[in-house]
Amino acid sequence: MTRLAARTTVLLTTVALVGTGVALLSGCSATPGGTDAGAGTGTSATAHATAGALGAGFSDPTQPPAPEATIHPEPGSWSGVHAPDDYDVVLLSDAGDADDAPTRTLLDAVASWAADEDVTVTRVSATDADDRIAAVTRAIDERSDLVISVGNHMVDPLAAVSPTALHQQFLVVGAEIAEPTSNVTAADWTGGGFRGEGLGPSSHYDPSTFTEERADRALRAGLAAVLHDLRGIVVWVR
């Protein structure tokens, strides 16, 4: 058995165990109409009312993007969108990536954005490789409006767990999930694009492209998409 096959088997076995608990959480929180009764959906009327409007060129409103599609928003077309009142997020990462320059840039971008937008951020970090699946589950358990995932090491665990927690919205910044469900949106650029072990990047991976300015643009563009129901897609920034 190859290393990738062995890793995949471990991931699938682990998520089968934790997925039961997540599915129960999702089921318990649903209303009779199928809508989540608590946080983690990001679709409330209040959120839309206070989030602001997308600018021209973000996407074609007459042709909404298909699932897993990639959109290329015009620069600045997301600048009118801001976090709704009382918005809270979970920032998901791997503790081992704290000294990784691209991940550090993304972590700092989220902290700076949260301070500007008065957003409550709860940090959830995997302590080691064996804790990554459990860390995704802990992030879901926080029942936040949005889980923002940064760092390549969290891509595979998030891909494994997110389909069992459709009530929770995720935003992956600086990477992608190869086959995202409707609750996983990615914000990426040329030079990012890691999609998981064995899959390779969707563009040539270049750590030098993880600049403070680009990370901020991707984060804000991705959030704008999530808040306006453009989900399960890739938001590609220039």
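**Which strands does helix 4 (residues 132-141) lie across, and at about what angle does helix 4 run to strand 3?** Helix 4 lies across strand 2 (88-94), strand 3, strand 4 (146-150) and strand 5 (170-173). Its direction is at about 160° to strand 3. Keep in mind as you explore these views that the model is predicted.

**Figure 1. The whole chain is built from six helices and seven strands.** Starting at the N terminus, you can follow the elements in the order α-α-β-β-α-β-α-β-α-β-β-α-β. The chain has 238 residues, and 48% of them count as buried. Now look at contacts between residues at least 6 apart in sequence: 66% of these join residues at least 24 apart.

**Figure 2. Seven strands line up in an open sheet.** Try tracing the strands across the sheet: their order is 1-7-6-5-4-2-3, and the pairing is parallel. At the edges sit strand 1 (70-71) and strand 3 (120-126), each of which pairs on one side only. Strand 1 is joined to strand 7 (residues 234-236) by two bridges, in the parallel sense. To find this pairing, look for T70, whose bridge partner in strand 7 is V234. Helix 6 (residues 212-227) also packs on the sheet, where it touches strand 4, strand 5, strand 6 (184-188) and strand 7. The direction of helix 6 makes about 155° with that of strand 5.

**Figure 3. Strand 2 pairs with strand 3.** These two strands run parallel and are joined by seven bridges. A handy place to start is S93, which stands opposite S125 in strand 3. Is strand 2 enclosed or open? Six of its seven residues are buried, so strand 2 is largely enclosed by the rest of the structure.

**Figure 4. Strand 6 is covered on both faces.** On one side you will find V184, A186 and D188, and on the other T185 and A187; every one of these is buried. With five of its five residues buried, strand 6 is therefore largely enclosed by the rest of the structure. Strand 6 also has pairing partners. Four bridges link strand 5 and strand 6 in the parallel sense, and F170 stands opposite V184 in strand 6. Strand 6 and strand 7 run parallel too, joined by three bridges. Here A186 has V234 of strand 7 as its bridge partner. You met V234 in Figure 2, as the bridge partner of T70.

**Figure 5. Helix 4 is a helix with many of its residues hidden from view.** Seven of the 10 residues of helix 4 are buried, so the helix is largely enclosed by the rest of the structure. The buried residues are R132, I133, A135, V136, T137, A139 and I140. Why might residues along a helix point the same way? An α-helix has 3.6 residues a turn, so those three or four places apart do so. Just after helix 4, look for R143, which takes a positive phi of about 55°.

**Figure 6. Helix 3 (residues 101-117) and helix 6 cross each other.** Two packed helices are described by the angle between their axes and the distance between the axes. In this view, the axes come within 9 Å and cross at roughly 60°. Helix 3 and helix 6 are therefore oblique to each other, and the crossing is right-handed. Helix 3 contributes T105, L106, A109, V110, W113, D116 and E117 to the contact, while helix 6 contributes E212, A215, D216, L219, R220 and L223. Sorted by class, the contact has seven nonpolar, one polar and five charged residues.

**Figure 7. E212 belongs to helix 6.** Is E212 buried or exposed? Its relative accessible area is 65%, so E212 is exposed. Its C-alpha atom is 6.5 Å from that of A109, although E212 and A109 are 103 residues apart in sequence. Both residues take part in the contact of helix 3 with helix 6.

**Figure 8. V119 sits in the loop between helix 3 and strand 3.** With 10% relative accessibility, V119 counts as buried because buried means under 20%. Leaving aside residues up to four places away in sequence, V119 touches A83, Y87, D88, V89, W113 and A114. Look as well for D85, 34 residues away along the chain: the C-alpha atoms of V119 and D85 are separated by 8.4 Å.

Notes. Residues are numbered from 1 along each chain as its sequence is written. This is a predicted model: local features need pLDDT of at least 70, side-chain atom pairs count only at pLDDT 80 or more; totals for chains, interfaces and linings use all residues. Side-chain values use heavy atoms; hydrogens and water are left out. Two strands pair if DSSP finds at least two bridges between them. Contact means heavy atoms within 4.5 Å. Axes are lines fitted to C-alpha atoms, for helices over the stretch in contact, and angles run from 0 to 180 degrees between N-to-C directions. Angles under 35 degrees count as roughly parallel, over 145 as roughly antiparallel, 65 to 115 as roughly perpendicular and the rest as oblique. A crossing is left-handed if the near helix is turned anticlockwise from the far one by less than a right angle, and right-handed if clockwise. Ala, Val, Leu, Ile, Met, Phe, Trp, Tyr, Cys and Pro count as nonpolar, Asp, Glu, Lys and Arg as charged, and the others, Gly among them, as polar. Buried means under 20% relative accessible area, exposed over 50%, partly exposed in between (1.4 Å probe, protein chains only).
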